[in-house]
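Visitor: Please pick one strand and go through it closely, residue by residue where that helps. After that, carry on to the cavity, the pocket and whatever else can be said in the same manner.

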Amino acid sequence: MTGSKTRLAELQDHEPSLDEFRSGVIDGLSAPRKFISSKFLYDARGSRLFDDICELPEYYPTRTETGILERHASDIARLLGPRTRLVEFGSGAGTKIRILLDALDRPAVYLPVDISRDHLVAASTDLARTFPELRIAPVCADYTAPFALPDVPGVAHETTAGFFPGSTIGNFTKEEAAAFLAGTHDLLGSGAIMIVGIDLVKDIDVLRAAYDDAAGVTAAFNLNLLRRINRELGGTFDLSRFRHEARWNDGLERIEMHLVSLRDQDVAIGAQRFHFQEGETIHTESSHKYRLDGFRDLAARGGYDPIEVWTDEKQFFSVHALRAR
Ligand SMILES: C[S@@+](CC[C@H](N)C(=O)[O-])C[C@H]1O[C@@H](n2cnc3c(N)ncnc32)[C@H](O)[C@@H]1O
């Protein structure tokens, strides 16, 4: 991928292995309440389906966060300063970063980190076309495990910043989120600015519709996990025997995505068999919703001081600027 015309560096490839995927799935399906980590939803097809979700009328987070970033891009650029080294966690299609890149003063290098390798390569290639002067160094990694940022030769940066949009941090439990933030603190260093998108607690019907759209795209995204298991791990899931469900968990203030078994059935993954009772579910994703103070407290536990927070007029979504202590 390295070329004289492009400033796109070769991919640093730490994609989780098939063995990690297999053991993650088998451990989760062996638990008393079956679950599979949401990080496995993102194979190439899952990433494309997620991009489709972002366009849905019910999925308010993308357009609301995009609006906040557009309104405050110059405030963010001022905070980050010139020649920043910008690390994005869970960069996906790389759409929102364009808003910041347009506003930033000569960004030194952009390092998108994502578990979904092919999607990351495609998004980085696209971005390099739009920003031909920008150094881009993509990293395929599971950010829940330790990983190092590559040294990009010839890059002199004045500041370091992190960007974690999409309320993806909501996929973690509160404890995991604090630990994740502490990890980014170590990775980015003291003084780094972190910009995080956080979805807020709101009317339950609005929330539920965002995770169970009328066109069935979120259902296809969730069920794609079973298709992926069949393809990559030799699973025998019959997708017509499961359905998608989005539930609001009031105690934990989170939306949960589940795959509900429509009948008693057995499923094999290689040599392992798993029994499902009718109505039993696999919990595949949580999306925790926050209140402004609740997230500030969490950020403090992760070693960050709050600097600013911006919201939309309905108070649906928030973008926080934090500084690593
Ligand atoms: C909810 S999407 C958000 C995408 C984009 N940032 C946005 O705001 O629209 C989550 C993104 O994080 C990536 N991701 C999920 N879990 C991950 C993990 N453990 N390590 C690295 N990337 C992960 C997914 O591949 C996906 O691109």
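Guide: What follows is a description of one strand, then of a cavity, a pocket and some further places, in a predicted model.

The strand is E2, residues 84–89. Six of its six residues are buried, so E2 is largely enclosed by the rest of the structure. The cut-off behind that word is a relative accessible area under 20%. The side chains of E2 are split between two directions: Thr84, Leu86 and Glu88 point one way, while Arg85, Val87 and Phe89 point the other way. Both sets are buried, and they include the charged residues Glu88 and Arg85.

E2 has two strand partners to consider here. With strand E5 (residues 159–164) it runs parallel, and five bridges join the two. With strand E3 (residues 109–114) the pairing is again in the parallel sense, over five bridges. Val87 can serve as a reference point for both pairings: in E5 it stands opposite Gly162, and in E3 its bridge partner is Leu111. The connection to E3 involves helix H4 (residues 97–103), and E2, H4 and E3 together make a right-handed β-α-β unit.

E3 also leads to the cavity. The count of cavities of 30 Å³ or more comes to one, and the largest cavity has a volume of about 60 Å³. Its lining consists of Ser91, Gly92, Ala93, Gly94, Tyr110, Pro112, Leu120, Ala123, Ser124 and Leu127. E3 and H5 each supply at least two of these residues, and H5 gives the most, with four. By class the lining has six nonpolar and four polar residues, and no charged ones.

H5 (117–130) appears again at the second largest pocket, where it is among the elements that give two or more residues to the lining; the others are helix H1 (18–30), helix H2 (44–54) and helix H8 (217–233). The largest share, three residues, comes from H8. This pocket has a volume of about 320 Å³ and is lined by 18 residues. Glu15, Tyr42, Asp43, Arg228 and Glu232 lie nearest its centre. The lining divides into seven nonpolar, two polar and nine charged residues. At least three lining residues come from each of domain 1 (18–56 + 203–288) and domain 2 (59–202 + 290–324).

A second buried strand is E11, residues 281–288. Eight of its eight residues are buried, so E11 is largely enclosed by the rest of the structure. Its pairing with strand E8 (residues 254–261) is in the antiparallel sense, over seven bridges. One of these contacts puts two histidines opposite each other: the bridge partner of His258 is His283 in E11.

Two loop residues deserve a note on backbone geometry. Most residues other than glycine have a negative phi. Glu253, in the loop between strand E7 (242–249) and E8, has a positive phi near 45 degrees. Gln315, in the loop between strand E12 (304–311) and strand E13 (317–324), has a positive phi near 60 degrees. Gln315 is partly exposed, with a relative accessible area of 41%.

Methods. Residues numbered from 1 in each chain as written. Predicted model: local features only at pLDDT ≥ 70, side-chain atom pairs only at ≥ 80, totals over all residues. Heavy atoms only, no water. 1 Å grid on protein atoms, 1.4 Å probe; cavity = no way out; pocket = protein on both sides within 12 Å on 5 of 7 lines; lining within 4 Å. Points joined across faces, edges and corners; volume = space filled by probe spheres on them. Domains from an automatic or database assignment. Buried < 20%, exposed > 50% of the residue type's maximum accessible area, 1.4 Å probe, protein only. Pairing = 2+ DSSP bridges. Right-handed = clockwise from strand over helix to strand, strands pointing away.
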